[in-house]
Amino acid sequence: MRIVVVNQRVMARTFGALGHEVLDLALEPGPRNLPAELAARGLDAAWPELVLEVERLSPRTILMGLGELACPKLFWAVDVHLNAWWHHAYARQFDAVLCSQLPWVRRLEALGAGRVACLPWFGTARPWRPWAARGRALCLVARVTADRPARRRMVGHLAQRHGLTHLDGLDTEAMLDVYCDTRIVPNEAICSEVNFRLFEAASCGCAVLNQAAEGGVGHLFEPGAEVAEFADIHELDALARGLLADPWRAEAMGRAAWERVQREHLPGHRCAAILDLAARAAGTAPRGPGADAHAWHAVARLAEGGMVEAPARPVVRALGPLVWAEAWAFAGLVRTLWRTGETGELLRLLRAALDQGRFTGDLEAGLAASGAALRAGEAELARAFWLAHARARSLGDQGGAGPVDLLLAWAGECERAGRDMQPGLRFDPARTVPGTALECLLWANELAPGRPGIMRRLDAVAARHPGAAEFRLSVLSWLGLRAPGDWRLGLELGLANLRAMRLVQGLEELALARDAALARSAGGRFDAVLAARGGAALAATVRAMDPPAQGSPEPASSSNTPSR
């Protein structure tokens, strides 16, 4: 086949080695017209029989002109766990999306991305190196910055307790060389996703201590035999101690993971899956110049997230013809007009949509319109969009009279639809139009700070998403200050600390919570809940701890909020 591969040299070389004719395009960031790029290389739009774009993590490349190509077009969403908030817009111009994270397949489809299939990342063909020839017992190659507090804590703990070597600033080949000289590799991920490091370390035959991934890793490696999983720092500490003390078992795990990579997780395996999917997905992408509207919609979302500088006019020109036909185009135009300060045009669009009864019952469109109206100071207009949505969905009037109640009503509707949060998108309660339950609740909390009911709802949303662990710590600490005798809150705070890699603080919070439960004759219930939530080993550890001494200082909090 004649294949265009955009921004992924390893895959381009692999397709070439398999006998395909490959154009390897490394494109600069920003909007890039693919037919123009082909023409600059002496090729026309009929040349490619397959286009594969692999997400460029930063800065972003946005392909335009895909509607002029008749061949199958695939987009590999690599960091979908952090970028689904714009991927779902961009994906609509492709025949199919390859999603690196299994749990996000259905989520992207629910956001309107079209055909989505799971295609995890891949490993590297490295020769097996016996552990007797390896010089490092426990090592991690990774960036450790203030933006990754859990990783920083994990590295500090393992370095102090188990002699971890931490390295940074290595290129890919140097990193793989280090792992080929390493026995055990701990792996932490920002959203408990399946990340590159799992494949990198397994490719080198390391025993990987992998943070429990959302949806598990069983579709990639056999837990317990090919990879060891941990839920928190207490489990990680025990795993590291056990494997360091039993190198034969650890080496068997590393060898099994290495063999699995050779069988199933090399670039050639991914190329075969891509060709199979392309054959089945061909012909579903939109054709013609109108397909670029999806790319401009993605640009608008990226601009909203502060990831690109984008003028409003191209977005308005692209979305305008579709604004009354497609709910996503209406929502995208509403957000763009608000972002660029075109309030008069925005309000005219909103009133026309309400007068014509457009998109009633569509959550994305209704929330964008209601939120933008509220931002513009038009509270009655904002409420009118909620009432139209509620009637269409037979919800009854749950919106209340004021902005806070309106936001809480939209938050509930988002939760029912599974739109809890948009990981990777920084929401500004002072300026951004909300699109999820978390964002509605954050804005409501800005308008009515200190309402326990709002804070509890924020905690419930954050608890469902591993990437919100640090935020959840601050919410639980705030709640705990106002209910110091609530052992259930204390138990949640202790578990949250452990998942944020704070061993001492987590155990101390759990001991305090158990003491509070014992004081209320609820020790048995506490032990049962802790065993169910954190495992029997953690429950035994907490039972063995002495209660805090009378008058002793309380443990440090896990957030900027003072400890309870």
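**Fold and local features of the predicted chain**

T343 is partly exposed, because its relative accessible area of 28% lies between the 20% and 50% cut-offs. This residue sits in helix α14. From T343 to A117 the separation along the chain is 226 residues, and their C-alpha atoms are 40 Å apart. These values, like the others below, come from a predicted model.

Confidence was examined next. The average pLDDT of the protein chain is 93. A score of at least 70 is reached by 96% of the residues. Residues 548–564 stand apart in this respect, with a pLDDT that stays under 50. For this stretch the model has 35 contacts beyond four places in sequence.

The overall fold combines both kinds of secondary structure. The protein chain contains 24 helices and 13 strands. Its radius of gyration is 26 Å, and the globule rule gives 24 Å for 564 residues. The two values are close, so the chain is as compact as a globular protein of that length. Along the principal axes, the C-alpha atoms fill a box of roughly 70 × 65 × 35 Å.

Packing was then considered. Of the 564 residues in the protein chain, 55% are buried. Contacts with a separation of 6 or more were also examined, and 63% of them join residues 24 or more positions apart. The exposed surface comes to about 22600 Å². Carbon and sulfur atoms supply 52% of that surface.

Charge was counted over the side chains. There are 63 positive and 62 negative side chains in the protein chain. The centres of these two sets lie 2 Å apart.

Helix α21 spans residues 487–499 and includes E492. E492 has a relative accessibility of 17%, which is under the 20% cut-off, so this residue counts as buried. Beyond its neighbours within four places in sequence, E492 contacts R472, L476 and R533. R499 also lies in helix α21. The relative accessible area of R499 is 31%, between 20% and 50%, and therefore R499 is partly exposed. With residues up to four places away in sequence left out, R499 touches A231, D232 and R533. R533 thus appears in the contact lists of both E492 and R499. R499 was also compared in position with E21, which is 478 residues away along the chain. The C-alpha atoms of R499 and E21 are separated by 48 Å.

Several loops were inspected as well. Q8 is placed in the loop between β1 (2–6) and α1 (9–17). At 12% relative accessibility, under the cut-off of 20%, Q8 counts as buried. Q8 touches V54, W121 and F122, not counting residues up to four places away in sequence. A70 is found in another loop, between β5 and β6 (73–77). This residue counts as exposed, because its relative accessibility of 59% is over 50%. A70 and E226 are 156 residues apart in sequence. In space they are 42 Å apart, C-alpha to C-alpha.

Backbone geometry was examined last. Most residues other than glycine have a negative phi, and most peptide bonds are trans. The peptide bond from S58 to P59 is cis, with omega near -15°. P59 lies in the loop between β4 (50–54) and β5 (61–64).

Positive phi values occur at F359 and S521, neither of which is glycine. Phi of F359 is near 60°. F359 is located in the loop between α14 (343–356) and α15 (363–375). This residue is buried, because its relative accessible area of 18% is under 20%. Phi of S521 is likewise near 60°. S521 occupies the loop between α22 (503–519) and α23 (523–534). At 70% relative accessibility, over the cut-off of 50%, S521 counts as exposed. The two residues with positive phi therefore fall on opposite sides of the burial scale: F359 is buried, and S521 is exposed.

Note on methods. Residues numbered from 1 in each chain as written. Predicted model: local features only at pLDDT ≥ 70, side-chain atom pairs only at ≥ 80, totals over all residues. Heavy atoms only, no water. Helix = DSSP H or I, 4+ residues; strand = E, 2+ residues; numbered from the N terminus. Rg over C-alpha atoms; globule rule 2.2 N^0.38 Å. Buried < 20%, exposed > 50% of the residue type's maximum accessible area, 1.4 Å probe, protein only. Contact = heavy atoms within 4.5 Å. Areas by Shrake-Rupley, 256 points an atom, 1.4 Å probe, with all protein chains shown as cover. Lys, Arg positive; Asp, Glu negative; His and termini not counted. Charge placed at Lys NZ, Arg CZ, Asp CG, Glu CD. pLDDT = per-residue confidence, 0-100.
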